[in-house]
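Colleague: Please take a close look at a single part of this predicted model. I should like an account of one strand, its side chains and its pairing, followed by what leads up to one of its partners.

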Amino acid sequence: MPKLTFIERNGQPKDVEAPNGLSVLEVAHKYGVDIEGACEGSLACSTCHVIVDPAWAVKLAKPSEDEEDMLDLAFGLEKTSRLGCQIVMSDALDGLIVRLPAATRNAAG
Ligand code: FES
């Protein structure tokens with residue numbers, strides 16, 4: 001099963017098993033990682049914003065126009081920012097590293 005590493009807001013890495021077919025957002029929820037995902041993956045919010053490790057960012061499929069539009073609303077946008085609900089785990093992403101942004105627009109703190 002692919003592995004996924006979340007870099008939490010305090011900078012601590014959290015390694016988890018990420019079943020194929022689950023989105024990064026779904027994996028985060030499974031392990032209690034603090035990504036909100038207010039619209040549950042329907043591309044209507046930006047609270048599932050994650051920052052992909054640059055080495056991995058180039059290996060992901062390009063974001064759709066809808067994802068880009070939503071990302072524009074994300075707080076603390078970076079070059080490799082993506083929406084966690086749009087990254088779907090597969091064997092090709094074994095070892096993926098994503099960092100949680102400092103804050104999201106809808107979440108307190
Ligand atoms: S959960 Fe809302 S866009 Fe990803």
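Modeller: Two strands are said to pair if DSSP finds at least two bridges between them. With that criterion, the strand to examine is E5, residues 96-99. E5 pairs with strand E1, residues 3-7, in the parallel sense over four bridges. It also pairs with E3 in the antiparallel sense, over two bridges.

Individual residues show both pairings. On the E1 side, Val-98 of E5 is the bridge partner of Phe-6. On the E3 side, Arg-99 of E5 has Ile-51 opposite.

In a regular strand, side chains alternate between the two faces of the sheet. E5 shows such alternation: Leu-96 and Val-98 point to one face and are buried, whereas Ile-97 and Arg-99 point to the other face and are not buried. Val-98, the partner of Phe-6, thus belongs to the buried pair, while Arg-99, which faces Ile-51, belongs to the pair that is not buried.

As to what leads up to E3, a loop lies between H1 and this strand, which spans residues 49-52, and Ser-42 is located in that loop. Ser-42 counts as partly exposed because its relative accessibility is 48%, between the limits of 20% and 50%. A polar atom of the Ser-42 side chain lies 2.9 Å from the backbone oxygen of Cys-39. Ser-42 is also 9.1 Å from Gln-86, C-alpha to C-alpha, although 44 residues separate the two in sequence.

Conventions:
Residues numbered from 1 in each chain as written. Predicted model: local features only at pLDDT ≥ 70, side-chain atom pairs only at ≥ 80, totals over all residues. Heavy atoms only, no water. Buried < 20%, exposed > 50% of the residue type's maximum accessible area, 1.4 Å probe, protein only. Polar contact = N/O pair within 3.5 Å; in protein donor to acceptor, adjacent residues only side chain to side chain.
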